[in-house]
Amino acid sequence: MQSYSDCPQVLREFLSYHENIKGQSPRTISEYYLDLRLFLRFMVMVKNEMPYTTDLDGISISNVDLKFIEMITITDIYDFLSFLAHDRKQNDYDDSGIGAAARARKLSAIKSFYKYLTVRTKQLTENPVKDVEFPKIRKSLPKYLTLEESCRLLSAVQGVNAKRDYAILMLFLNCGIRRSELVGLNLNDVYEDRIRVTGKGNKERIVYFGSACKAAIDDYLSERNKKVLSDNRALFGSRDNNRISVTAVHRLVKKHMLAAGLDPSQYSAHKLRHTAATLMVANGVDIKTVQEVLGHEHLNTTEIYTHIENSELKIAAEANPLSHLEKKE
């Protein structure tokens, strides 16, 4: 692992876990380090009752240990987020706090850190950041299918190329790959529980899939292996026995959307990528892990998926008796 100055053992072990066990990229590890270093410096300042005007860059975290981290409360977490929003300078020319997207990234790092300490290694029993919500990001939100709509789409697949189309939709919805990445898949890119994807800039990444997706691919392969394509390396072929094209993928997605009773003008193959990412975040996947799965170079591209609504707030809204009030004519 890369050597980070002023890095306490507990943080070093966390970074090593994500690098060597989770296999995350050096860029992601560096972002974790910088975000958590700032967080721990702030906590040292607070716990030692230093003035808020203290230069955080001058605070050492080398003595931070598990006992210190155990003393951090949810109130301290909110104080840190407030500090980021109001007091942390973005640069020498702007005295306002950092934006919601950057705060979301830092909160994501903190959540991942505490998940590692409480769930992965069980060094702590309490997770003060577990229920802290991500800050609202003022961006246009991506359109995506709900879980029910995704299931309806898959159930609507039929026709001559049903096995092929079902496997394609499963890959989109499970792995969140791009259309161009799907079209570029070769037979030797498929492994037992994962695929090798070539993304933008010819960068390769490994994306894992679950048992249902594996079953769909295996079912299709029994059909594909009987065919000979003009480019016989290709995983997915067209009806004229060529490698399937981006345009053909676009058409088949629209076709099955229509069959499922979904508006094909509102959804596309790219929206299925949004759906996969949204379902990952909704089910507790760390935003930086989602970044790795999607192949985003910059985390702020992935941070749009922190828009997931808080289910408890929705339940509270439904519990209000006025929410069911019928208008009298």
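Biologist: How many aromatic pairs does the structure hold?

Modeller: The structure, which is a predicted model, holds 10 aromatic pairs. One of them joins Phe14 and Phe113, with 5.2 Å from centre to centre and 80 degrees between the planes. That geometry is edge-to-face.

Biologist: Where do Phe14 and Phe113 lie?

Modeller: Phe14 belongs to helix H1 and Phe113 to helix H5, so the pair ties together parts that are 99 residues apart in sequence.

Biologist: Are those rings buried or exposed, Phe14 to begin with?

Modeller: Phe14 is buried, at a relative accessible area of 0%. Phe113 also counts as buried, with 0% relative accessibility.

Biologist: And what about the rings of Phe39 and Phe80?

Modeller: Their centres are 5.3 Å apart and their planes stand at 75 degrees, so the pair of Phe39 and Phe80 is edge-to-face. This pair links distant parts of the chain, 41 residues apart: Phe39 is in helix H2 (residues 26-47) and Phe80 in helix H4 (residues 74-86). Both Phe39 and Phe80 are buried.

Biologist: Which residues form the aromatic cluster?

Modeller: One aromatic cluster is formed by Phe14, Tyr17, Tyr32, Phe113, Tyr114 and Tyr116.

Biologist: Back to the helices, then. At what angle do H1 and H5 pack?

Modeller: Helix H1 (residues 9-21) and helix H5 (residues 100-120) pack at about 90 degrees, and their axes are 11 Å apart. H1 is therefore roughly perpendicular to H5.

Biologist: Which residues meet there?

Modeller: From H1 the contact takes in Val10, Leu11, Glu13, Phe14, Tyr17 and His18. From H5 they are met by Ser112, Phe113, Tyr116, Leu117 and Arg120. By class, the residues of this contact comprise 7 nonpolar, 2 polar and 2 charged.

Biologist: Staying with H5, is Arg103 buried or exposed?

Modeller: Arg103, which sits in helix H5, is buried, with a relative accessible area of 17%. The cut-off for buried is under 20%, so Arg103 falls within that class.

Biologist: What is Arg103 in contact with?

Modeller: Once neighbours within four places in sequence are left aside, Arg103 is in contact with Leu81, Leu84, Ala85, Ile98 and Pro135.

Biologist: Changing topic: where is Val129?

Modeller: Val129 is in the loop between H5 and helix H6 (147-155). At 1% relative accessibility, Val129 counts as buried.

Biologist: What does Val129 touch?

Modeller: Not counting residues up to four places away in sequence, Val129 touches Ile77, Leu107, Ile110, Lys111 and Tyr114. Of these contacts, Leu107 is 22 residues from Val129 in sequence, and the two are 8.5 Å apart in space, C-alpha to C-alpha. Tyr114 is also one of the residues in the aromatic cluster.

Biologist: What is unusual to note in that loop, say the phi of Lys122?

Modeller: Lys122 has a positive phi of about 55 degrees, although it is not a glycine. Lys122 is found in the loop between H5 and H6, and it counts as exposed at 63% relative accessibility.

Biologist: And what is the phi of Glu49?

Modeller: Glu49, again not a glycine, has a positive phi of about 55 degrees. Its place is the loop between H2 and helix H3 (66-70). With 72% relative accessibility, Glu49 counts as exposed.

Biologist: On to cysteines. How many disulfides does a search of the whole structure find?

Modeller: The search finds 0 disulfides.

Biologist: Why is there no bond at Cys175?

Modeller: The closest cysteine sulfur to that of Cys175 is in Cys213, 4.9 Å away, which is too far for a bond. A disulfide needs the sulfur atoms within 2.5 Å.

Biologist: Is Cys175 buried or exposed?

Modeller: Cys175 is buried, its relative accessible area being 0%. Cys151, by contrast, counts as partly exposed, at 42% relative accessibility.

Biologist: Finally, the overall picture. How many helices and strands are there?

Modeller: The protein has 14 helices and 2 strands. Of its 329 residues, 44% are buried.

Biologist: What share of the contacts joins residues at least 24 apart?

Modeller: Among contacts between residues at least 6 apart in sequence, 59% join residues at least 24 apart. The pair of Phe14 and Phe113, 99 residues apart in sequence, was a case of parts tied together across the chain.

Methods:
Residues are numbered from 1 along each chain as its sequence is written. This is a predicted model: local features need pLDDT of at least 70, side-chain atom pairs count only at pLDDT 80 or more; totals for chains, interfaces and linings use all residues. Side-chain values use heavy atoms; hydrogens and water are left out. Axes are lines fitted to C-alpha atoms, for helices over the stretch in contact, and angles run from 0 to 180 degrees between N-to-C directions. Helices (H or I, at least four residues) and strands (E, at least two) are DSSP runs, numbered from the N terminus. Angles under 35 degrees count as roughly parallel, over 145 as roughly antiparallel, 65 to 115 as roughly perpendicular and the rest as oblique. Contact means heavy atoms within 4.5 Å. Ala, Val, Leu, Ile, Met, Phe, Trp, Tyr, Cys and Pro count as nonpolar, Asp, Glu, Lys and Arg as charged, and the others, Gly among them, as polar. Buried means under 20% relative accessible area, exposed over 50%, partly exposed in between (1.4 Å probe, protein chains only). Rings of Phe, Tyr and Trp (its six-membered ring) pair if their centres lie within 6.5 Å; planes under 30 degrees apart count as stacked, over 60 as edge-to-face and the rest as tilted.
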